[in-house]
Amino acid sequence: MKLVPLLKPFLVLLITFGFTIFFVRLIEPTNQSPPKNSEAMARSFILWLHGLGDSGPANEPIKGLFTSPQFKNTKWSFPSAPSKPVTCNYGSVMPSWFDIHELPVSDSSPKDESDLLKAVKNVHAMIDKEIEAGTNPNNVFVCGFSQGGALTLASVLLYPKTLGGGAVFSGWVPFNASILEQQTPEAKKTPILWSHGMADKTVLFEAGQAGPPFLERAGMTCEFKAYPGLAHSINNEELKNLESWIKTRLQSNS
């Protein structure tokens, strides 16, 4: 499937910022914001990676939904991707973790592994910093939407230690199977939660469906949840499920 050339760049931005506006309206700020903690005292760490053209701060309302006591000592991080030319938008410069060659993304879309691995290295540096500050790796969770979901998957699979988990929302497998040769036995133990809307026309549902079999062949566990009628977005139900999923995996600091 191909988008109309003149509309494609605008659709990408519309999709991304529409997602952000959706969140701002969906999640009202609460008076029970988690208290700020020093990095050394953080019991758990959640890293959120946004989608193409978006920004980290625009996604911060997500943490307002996590009101359970288990998250009172959680440190959240919402980094922003660097601005760079994106091939699927005819070289237009926008926030992007790595290059995307075509939209919609399908199971057979081209993969730019060299650019992806540069982004993975940066994510690993963020995780390393938090673990060095005292957070148990089993309490580190990487989550991401769309392009951020694809980066989440790559970052978790290639991180040398077992993490608490990786959560992919409307993402895809952004690399070939050969990249798994770099995976450690510890990385295979990190669980994956994968959520995808069945009406997604930007990252096709088939791209999401290809994830669990790929992970199973890699010797990993993946919980896949399909959402009928959901387009390229993320909803309240998905986030509440994420909250429950993380709660069951949180461990006491060592």
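Here is a walk through this structure, from the overall layout down to a few individual residues. Bear in mind that you're looking at a predicted model.

Let's start with the big picture. The protein has 6 helices and 8 strands, and if you follow the chain along its sequence, they come in the order α-β-β-β-β-α-β-α-β-β-α-α-β-α. There are 254 residues, and 54% of them count as buried. What's left on the outside adds up to about 11,200 Å² of exposed surface, with carbon and sulfur atoms supplying 57% of that area. The contacts reach a long way along the chain, too: take those between residues at least 6 apart in sequence, and 77% of them join residues at least 24 apart.

Now for the charged pairs. Side chains of opposite charge can pair when their charged atoms come close. In this model the count comes to 4 salt bridges, and three are worth a visit here. Begin with Lys 75 and Glu 130, whose side chains meet with an N to O distance of 3.2 Å. Lys 75 sits in strand β2 (residues 74–77) and Glu 130 in helix α2, so this pair ties together parts of the chain that are 55 residues apart in sequence. How buried or exposed are the two partners? Glu 130 is buried, because its relative accessibility is just 2%, while Lys 75, at 24%, counts as partly exposed.

Helix α2 takes part in another of these pairs. The side chains of Lys 84 and Asp 115 form a salt bridge at 3.6 Å, N to O. This one also links distant parts of the chain, with Lys 84 in strand β3 (residues 83–86) and Asp 115 in helix α2, 31 residues apart. Asp 115 is buried as well, with a relative accessible area of 14%.

For a local salt bridge, go to helix α6. Lys 240 and Glu 243 meet through their side chains at 2.9 Å, N to O. They are 3 residues apart in α6, so about one helical turn separates them. Here again the acid is the buried partner: Glu 243 has a relative accessibility of 4%, whereas Lys 240 is partly exposed at 35%.

While you're at α6, have a look at the helix itself. It runs over residues 236–247, which makes 12 residues, and it spans 17 Å from its first C-alpha to its last, close to the expected 16 Å. At its start, a side-chain oxygen of Asn 235 comes to within 3.3 Å of the backbone nitrogen of Glu 237. Glu 243 has company on the buried list for this helix, including Leu 239, Leu 242, Trp 245 and Ile 246.

Next, the loops. The one between β4 (92–95) and α2 is home to Ser 106, and Pro 104 is found there too. The bond to look for is the one joining Leu 103 and Pro 104: it's a cis peptide bond, with omega at about 0°. Ser 106 counts as buried because its relative accessibility is 13%. Which residues does Ser 106 touch, leaving aside its neighbours within four places in sequence? The answer is Leu 204, Glu 206 and Ala 207.

On the other side of α2 in sequence, the loop between α2 (113–132) and β5 (140–145) holds Asn 136. This asparagine is buried, at 9% relative accessibility, and a polar atom of its side chain lies 2.9 Å from the backbone nitrogen of Asn 138.

Two serines deserve a look for their backbone angles. Ser 146, in the loop between β5 and α3 (147–158), has a positive phi near 60° even though it isn't a glycine. Ser 170, in the loop between β6 (165–169) and β7 (192–197), also has a positive phi, about 55°. Ser 146 is buried at 9% relative accessibility, and Ser 170 is buried at 0%.

Last stop, the cysteines. How many disulfides does the structure hold? The count is 0. Two cysteines you can find in the interior list are Cys 88, buried at 2% relative accessibility, and Cys 143, buried with a relative accessible area of 2%.

Terms used. Residues are numbered from 1 along each chain as its sequence is written. This is a predicted model: local features need pLDDT of at least 70, side-chain atom pairs count only at pLDDT 80 or more; totals for chains, interfaces and linings use all residues. Side-chain values use heavy atoms; hydrogens and water are left out. A disulfide is a pair of cysteine sulfur atoms within 2.5 Å. Buried means under 20% relative accessible area, exposed over 50%, partly exposed in between (1.4 Å probe, protein chains only). Helices (H or I, at least four residues) and strands (E, at least two) are DSSP runs, numbered from the N terminus. The expected span of a helix is 1.5 Å times one less than its number of residues. A polar contact is a pair of N or O atoms within 3.5 Å; within protein, one must be able to donate a hydrogen and the other to accept it, and residues adjacent in sequence count only if both atoms are side-chain atoms. Contact means heavy atoms within 4.5 Å. Accessible areas come from the Shrake-Rupley method with a 1.4 Å probe; for residues, only the protein chains shown count as cover.
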